[in-house]
Amino acid sequence: MKLRKLLVVLTALTLVLAACTSDDGDTTTTAAAADAADAGGEEMTSLLDEVIARGELKCGTRDALTGFAVLTEEGDHVGFDSDFCRVIAAAVLGDAEAVDHVDLETADRFTALQSGQVDVLSRNTTWTASRDGSEGATFLTVTYYDGQGMMVTADSGYAGIADMDGVIVCVAKGTTTEGNAAAEADRLGLDWEVRPFDDNDLIQEAFGAGQCDGWSADSSALTGIRADQPDGPDSVVILPDVFSKEPLAPLVLDGDTAWAQAVNWAILATITAEEWGITSANVDTFLDSDDSNIRKFLGASFEDSDGNETTLDAGLGLPTDFAYQVIKQVGNYGEIFDRHLAPLGLERGVNALWTDGGLLYSPPYR
Amino acid sequence: MTTPAPQSRPPFYRDVRILSWAFQLLVFGLIAAVVYWLFGNFQRNTADSGIPTNFDFLANPASFAIPGADFDSNESVRNAYVVGILNTIRVAVVGIILATILGILIGIGRLSKNWVVRKITTVYVEVLRNLPLLVIMTFTFLGVVLQVLPRIENSWVPLGLLVVSNRGIGVPWYQDASGLSLLLVLFVGFLGWWLIARWRHSVSDRTGEASRASLYGGGFFIAVLVIGWLLLGASYTLPVVDGKQIAGGIRIDPSYFAVLIALVIYTASHIAEIVRGSIQAVPLGQGEAATALALSGFQRMWNVVLPQAMRIAIPPLGNQYLNLIKNSSLGAGFAYFELTNVTQVTVGNGSPAVPAFTLALVFYIVLSLIASSFVNLANRRFKLVER
């Protein structure tokens, strides 16, 4: 009897001691777990093999940004970013529709990528140094060169932001938008009152009621907002000025070079195709092109130096005809742009090919 | 026969003093271990991801401007915090004063003999007390400020004195007067008011003539304001519409207006219930005695019932004041740059989140402690002296 009670007390004391020292124990277990995870990372096979084995691409996207990714009532994802998901699926799996579009909140997107919920993010994400560095992500070829712009009402009479002195500019909170706007006002010597709101619905109300003269956000986002104006898109004007750099690019997890290269060349294929004027409609006519570079690109056979018929395998781990599949099933960059962004009134601008004075430039495929 | 067991201490595992100590040690040890573990996790994770945990960011340029304040984007984050705290105090102090006045009026109205007044105040209390404050604030911003107030182009200019628009309300103001001199004038005025009121009360106590403290004191206060205005140069500016802005006078920020109105009408509904309960807690005999002395209804309420009711009401009123201070953080969603909004915006512009919010947390605690010490002071001053 006595002994049992002694045991109870001893157990309680042990618990106290254990609680007091448990932190050290935790440190070691956590460190060990981290080591194990690191070791696992090195042995891990590339996502490329995983995606091929799975037969489906998990692509992180969103559900309601007009022009970039919209979930329709039929359950399809339509938009510029969604089409780049299809481009990757067409290149890797040969089927543009083998995509699982995963809708992500802005705040969750990097976590989803880090935890492996998605294979790739194609979700109008600005490439910045700190995201590249501290989110564990690798940014690939920029699909859209964006910048912060300004929207005003059509009857305001402003032709550019330099005309806007002594005005109120409304922005969304939680991004660098208000900092960019304040810096631009300082640079131009203008007196702006920048009012940050929690979300776009509140800004829409304030803008509609005339509390704000200007609405500043990424130009592409403004274009979508303009299309949704209650008084129609012509009631507002997006000024030509752009005052920040917002390169939007797809991204994959750090440390998986094979997968990053595969995704990157899938995107580059859309640019290369536009350079050559290859579209989804005429791609078949290029299969027997006289230009052997085009035949190499499309995975068609060509004559090598020994006179043998062969196809080029660049060693990217992609099928030799990946570019053909991308263009046939989805289209080249210009087609994707014209399908989703041109109807909103967006010009090609800096997103034109380098041959047209834009920034799009693909390394040669050979 | 056996001899009774000798009186001795029980074994330690049955000694209630040792056991209770052991148990408290156990609880303390568990809590300390959990806190230590969480803090260790926090330090390790922030170190892993290279997130700073010190307060060096306070010296960085803020890189955002604050509307309605003399603050540009090159000033430091520290100064932005100062502006944020002052804005929180501004909305809290004015809100507490207005909510108290409105709350007392409605609380009295709840007990009115007038059927219409009683029903209207009851509906007011029951509606506002049962709505979330965020909903009320969204309504005062979207519904009242944005939709009821006119656009700047069509602003109302009653008598040429005010400019009312959804970009703010311009009111006439001293010109060129520094805030300090204004505060000095106000201080002299209130001090004089208080001294005169004391003097009149003592006269009243000695001679029995009516004290009329508010009349004399208030008159002195207004006289001081007028003389102060003349001394400060007798200058004033009227607000005018200048393009898209209100120039001259002083501008009440539209977000401040919306946040203030929401805080006042919401808190007043709670204060009204406290006042009603406190009035009902005053013994009926007090009011009946006042009536027997032929005091008017106002005199009965103002001189007999309310002073005793407010004594009961002070501690719960203090809770409402603390709630109002903390609820002012909801203004962050409506472009009002109080403490929470400054913290959120500075985090969005590159300040580390954990230290930034820790700072906000500390400021709120300090503000609340200051407010509750004022309430305790008032409570000590007014409570019944028990002998």
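Two residues are in contact when their C-beta atoms, placed from the backbone, lie within 7 Å. Under this rule Ser301(A) touches Glu309(A), Thr310(A) and Thr311(A), leaving aside residues up to four places away in sequence.

The structure is a predicted model, in which local features need pLDDT of at least 70, side-chain atom pairs count only at pLDDT 80 or more, and totals for chains, interfaces and linings use all residues. Residues are numbered from 1 along each chain as its sequence is written, while chains are lettered from A and ligands numbered from 1 in the order in which they are written.

**Chain A as a whole**

Chain A contains twelve helices and 17 strands. Helices (H or I, at least four residues) and strands (E, at least two) are DSSP runs, numbered from the N terminus. Chain A has 366 residues, of which 42% count as buried. A residue is buried if 20 or more other C-beta atoms lie within 10 Å of its own, exposed if 12 or fewer, and partly exposed in between, with C-beta atoms placed from the backbone. Among contacts in chain A with a separation of 6 or more, 73% are between residues 24 or more positions apart.

**Helices α3 and α9 of chain A**

Two packed helices are described by the angle between their axes and the distance between the axes. Here the axes are lines fitted to C-alpha atoms, for helices over the stretch in contact, and angles run from 0 to 180 degrees between N-to-C directions. Helix α3 (residues 80-93) of chain A packs on helix α9 (residues 257-276) of chain A at an angle of about 110°, and their axes are 9 Å apart. α3(A) and α9(A) are therefore roughly perpendicular to each other. Angles of 65 to 115 degrees count as roughly perpendicular, those under 35 as roughly parallel, those over 145 as roughly antiparallel, and the rest as oblique.

The crossing of α3(A) with α9(A) is right-handed. A crossing is right-handed if the near helix is turned clockwise from the far one by less than a right angle, and left-handed if anticlockwise. On the α3(A) side the contact is made by Phe84(A), Val87(A), Ile88(A), Ala91(A) and Val92(A), which meet Ala262(A), Val263(A), Ala266(A), Ile267(A), Ala269(A) and Thr270(A) in α9(A). By class, the residues of this contact are ten nonpolar, one polar and no charged. Ala, Val, Leu, Ile, Met, Phe, Trp, Tyr, Cys and Pro count as nonpolar, Asp, Glu, Lys and Arg as charged, and the others, Gly among them, as polar.

**Helices that pack against α3 and α9**

In helix α12 (residues 333-340) of chain A, the residues Tyr333(A), Gly334(A), Ile336(A), Phe337(A) and His340(A) are buried. Seen down the axis of α12(A), these buried residues fall within an arc of 165°, so they line one face of the helix. The arc is that of the directions from the helix axis to the C-beta atoms. The buried residues of α12(A) pack against α3 and α9 of chain A.

Helix α2 (residues 47-54) of chain A has Leu47(A), Leu48(A) and Val51(A) buried. They cover an arc of only 105° around the axis, which puts them on the same side of α2(A). The buried residues of α2(A) pack against β1 (57-61), α3 and α9 of chain A. Just after α2(A), Gly55(A) takes a positive phi of about 75°.

**A helix pair in chain B**

Helix α8 (residues 284-292) of chain B and helix α9 (residues 297-327) of chain B have axes that come within 10 Å and cross at roughly 160°. That makes α8(B) roughly antiparallel to α9(B). The contact of α8(B) with α9(B) has three nonpolar, four polar and one charged residues. In this contact Gln286(B), Gly287(B), Ala290(B) and Thr291(B) in α8(B) meet Arg300(B), Val304(B), Val305(B) and Gln308(B) in α9(B).

**Selected loop residues**

Most residues other than glycine have a negative phi. Ala294(B) has a positive phi of about 70° although it is not a glycine, and Ala335(B) has one of about 65°. The table gives their places and neighbour counts, together with those of Ser301(A).

| Residue | Loop | C-beta neighbours within 10 Å | Class |
|---|---|---|---|
| Ser301(A) | between α10 (292-298) and β16 (302-303) of chain A | 15 | partly exposed |
| Ala294(B) | between α8 and α9 of chain B | 8 | exposed |
| Ala335(B) | between α9 and α10 (339-348) of chain B | 31 | buried |
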